[in-house]
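Hi everyone, thanks for making time. I'll put the structure up now, and then we'll walk through the ligand and the cavity.

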Amino acid sequence: MTTKTWFWAATMAALCLLRAGAQTANYTPTKENLQARETFRSDRFGIFIHWGLYTMAGDGEWMMHNRNVDRDEYARLAGGFYPAAFDADRWVKAVADAGAKYICVTTRHHDGFSMFATRESDFNIIEATPFRRDVIRELADACARHGVRLHLYYSHLDWRRDDYFPRGRTGLGTGRTREGRWDDYCAFMNRQLTELLTGYGPIGAIWFDGMWDKDIYPDGVTDSTWRLTQQYALIHRLQPACLIANNHHTTPFAGEDIQIFERDLPGENKAGLSGQAISRLPLETCETMNRSWGYRMTDQAYKSTADLIRLLVRAAGNDANLLLNVGPQPDGQLPDTALARLREVGAWMKTYGKTVQGTRGGVVRPHEWGVTTQRGRTLFVHVLSDVDRLICLPYAGNRVRQAVDYRTRVPVRFVQDADGIVLKLPTTAKADPDFVVEVEFAEELKTTN
Ligand code: GLC
């Protein structure tokens, strides 16, 4: 190559690299991806599963960090991991019967244990446990049979590996000693993601978690530290319709397809992990059914079925999905109380599911009395508390054709003027847990986001 041609080749290569970088930074989702976002949005309800070696200790998924368990001792849990009663079909059927449309399962949590057959680490369910079953494969197959989409939780944070270096602010008592290469860790994650995205059929979403571990460094929670651009491009190349979510507690990075809120609805910040601006991406709130993600023996503080239903409805009214967590027991079964809650939510969904699924957050913003959802020309007014008999809807410029009790179809009285609409609830109406008025308008309702 002459100096001149070499110069041109190098310039062209540099330009291509720049363009590739810029393109990903700007991120143009594919058609399949946009379609998958719509499907995700209309699903509105998913079940989260936190399952791993920690399950056996019955003290939540942070037990390794909380008790400063040395990684070699922790690994001994694997030798006794034998969840004899695990039945993927029963799980997925319970999820489907609850009216949930997807299940998000931990493939590898912060403890670094892989719940699937990976070639990239022998600390995995096939090689390190007597169980020797790939539960992610079994769940993928069961999901295909029951028409439930499979989402995969994948931890960015690792309390075990030396190449997770520099370390962050958690897991400092687990015995990681050497100063391994961050490059190796990033390459390892991408190879595992490749396994997950090529070996288990269509994956609805990859759900990342743990970047916040490095928020002690000025550039700890950035695309460049975590090489998100390359990682996200890999995922979208392997499965363009696979959505990317990341529980980093900040506004979405380029390449993400879902915005997550942990333990709070969009706009709230009771748990102290939110407060970030709400983007135009599909939204998802994750919440526990009791108070723990991973199984915790002492936690029987289950939310009531009515509270869970109200949470789901409130999420929908805020234009968000609810990802509701269940922590399976050491024997591989979902706890009885959780199963009972799922059944009861499912019974409610049979009647009311259509007022939540396939809707968008309504034109009337959430109020003390409840929330609204909408589809086409229909506004569903979800009255979630019995404090008001008169429900004021500050929405004008669209004539109401009729208002009915959604369940009985009995007309609900209303007055409409230039400021909006007032619904007069019948005296028998009870927010028990949700009284739904279906209001039909003359014109299509615009979506607010
Ligand atoms: C937190 C926790 C983690 C859990 C997740 C679920 O980030 O670190 O244990 O998996 O929330 O939202």
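So, by class, which residues make up the shell around the ligand? The shell has seven nonpolar, four polar and three charged residues. For those classes, Ala, Val, Leu, Ile, Met, Phe, Trp, Tyr, Cys and Pro count as nonpolar, Asp, Glu, Lys and Arg as charged, and the others, Gly among them, as polar.

Quick housekeeping: this is a predicted model, where local features need pLDDT of at least 70 and side-chain atom pairs count only at pLDDT 80 or more, while totals for chains, interfaces and linings use all residues. Residues are numbered from 1 along each chain as its sequence is written, and side-chain values use heavy atoms, with hydrogens and water left out.

Back to the ligand: 14 residues surround it (a heavy atom within 4 Å), and the closest are His50, Glu61, Trp62, His109 and Glu262. Now the polar contacts, meaning pairs of N or O atoms within 3.5 Å. The side chain of Trp62 puts an N or O atom 2.9 Å from a ligand oxygen. For His110, that side-chain distance to an oxygen of the ligand is 3.0 Å, and for a polar side-chain atom of Asn247, 3.3 Å. On its own the ligand has 310 Å² of accessible area (Shrake-Rupley method, 1.4 Å probe), and the protein covers 96% of that.

Last stop, the cavity. On a 1 Å grid over the protein atoms alone, that's a set of points where a 1.4 Å probe fits but cannot get out; lining residues have an atom within 4 Å of a point. The lining of the largest cavity includes Val383, Asp386, Arg389 and Phe435. By class, that lining has five nonpolar, one polar and four charged residues.

Notes: Polar contact = N/O pair within 3.5 Å; in protein donor to acceptor, adjacent residues only side chain to side chain. 1 Å grid on protein atoms, 1.4 Å probe; cavity = no way out; pocket = protein on both sides within 12 Å on 5 of 7 lines; lining within 4 Å.
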